[in-house]
Amino acid sequence: MFRNNYDNDSVTFSPQGRIFQVEYAAEAVKQGSVVVGIVSKTHAVLVAIKRNAEELSSYQKKLFAVDEHVGIAIAGLTSDARVLSNFMKQQCLSERLTYDRAMPVETLVSLISQKAQLNTQHYGKRPYGVGLLVAGVDDSGPHLFEFQPSGLSQEMMACAIGARSQMARTYLEKNLDKFADCGRDELIRHGLKALKETLVQDRELTLENTSVGVVGPKEAGKRALEAFKVNDGPEVKDWLSSIADDAEAGGESMQVDE
C-alpha cells in the first residue's frame, strides 16, 4: 500500500522536498534491536542486544569485525548490513595491499556513505535499510561514526540507534562528560547501562542476548593495538555481573536515603 504518488521510487521528490523511500528505510532502522556506541580518549566500544525470531532459532549477530582496527554494529536489515560489511572489508584489504596501512576510519565511513547515497539518486535502486555504528582506532585516535540509509554520516562521542534507542540516548547525554576519561571496562559498563535503559520490564540482559565489541590499545600509553573483538556468551559475564552489582548498590542507597 502506497502512501501517495511520490513514494514509488527513491529518485522522486515530493512537493515538500521529501524522498519517502529514504524515510521508509530510516523506519526499518528504528525497527531493529538497539545498539549503543561510546568512545573515550583511548577506546571505542559497541554493545548490542541480539534478537531471535522464535524460540527454536539462534540469536542474530549484531556486531561484526571489519578489520583489526574497526568494527560495526547494525540496526535494521541484516542482509543489507552484510553487503555493506563485505564492501568495507574489501576497502580495508585494498588499503593494506596498496599502502600497507590501516584505512582511516573517517575515510572508510565516507566510502559507504557515497555508496548508499548513489542508491537514492538512480532509478530502480532502493536505499539500504540499515543503520550502522562504526567504531575504530586509527593514527588520530578512537572514533565513532553513525551511518544512516540516506548516506549521511557523522562522528559521535556516543550514540544509540534502533528500537527504543531514545532511552539509551538520554542516559548517554546525562553521563557524556564521564566517557572521555573512562578506561576500557568502565566504558563497557556505561554502554551496558545505556542498553539496559531500553529494555521492556520483563526483559533482562543475559549471556545469550548481549554482545560487546571493543577496540583500543593493549596497554595504556602505548600504540600497540588490541584488535577489534566481539565478545559473546561467557565472555560478557563479568561485565553483566558488575552492572547488576551497581544496580543493587544503587537500590540500597535509595532505601537508606528514605
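Reader: Which residue is the bridge partner of Ile38 in strand 2?

Author: In this predicted model, the partner of Ile38 in strand 2 is Val45.

Reader: What makes strand 1 and strand 2 a pair?

Author: Two strands count as paired if at least two bridges are found between them, and 5 bridges join strand 1 to strand 2, which run antiparallel, so the condition is met. A hairpin of 4 residues leads from strand 1 to strand 2.

Reader: How do you know that strand 2 and strand 9 pair?

Author: At least two bridges are needed, and strand 2 and strand 9 have 6 bridges in the antiparallel sense, with Val47 standing opposite Val212 in strand 9.

Reader: Why is strand 2 called largely enclosed by the rest of the structure?

Author: A residue is buried when its relative accessible area is under 20%, and because 6 of the 6 residues of strand 2 are buried, the strand is largely enclosed. Ala44, Leu46 and Ala48 point one way from strand 2, while Val45, Val47 and Ile49 point the other way, and all are buried.

Reader: What makes a set of residues a nonpolar core, and which residues have the most contacts inside the largest one?

Author: The residues must be buried, of nonpolar kinds such as Val and Leu, and joined through side-chain atoms within 4.5 Å; the largest such core has 26 residues, and Val36, Leu172, Leu192 and Leu205 have the most contacts inside it. Helix 6 gives the largest share of this core, 5 residues. Apart from this core lies another, of 22 residues, including Ala81 and Phe87.

Notes:
Residues numbered from 1 in each chain as written. Predicted model: local features only at pLDDT ≥ 70, side-chain atom pairs only at ≥ 80, totals over all residues. Heavy atoms only, no water. Buried < 20%, exposed > 50% of the residue type's maximum accessible area, 1.4 Å probe, protein only. Helix = DSSP H or I, 4+ residues; strand = E, 2+ residues; numbered from the N terminus.
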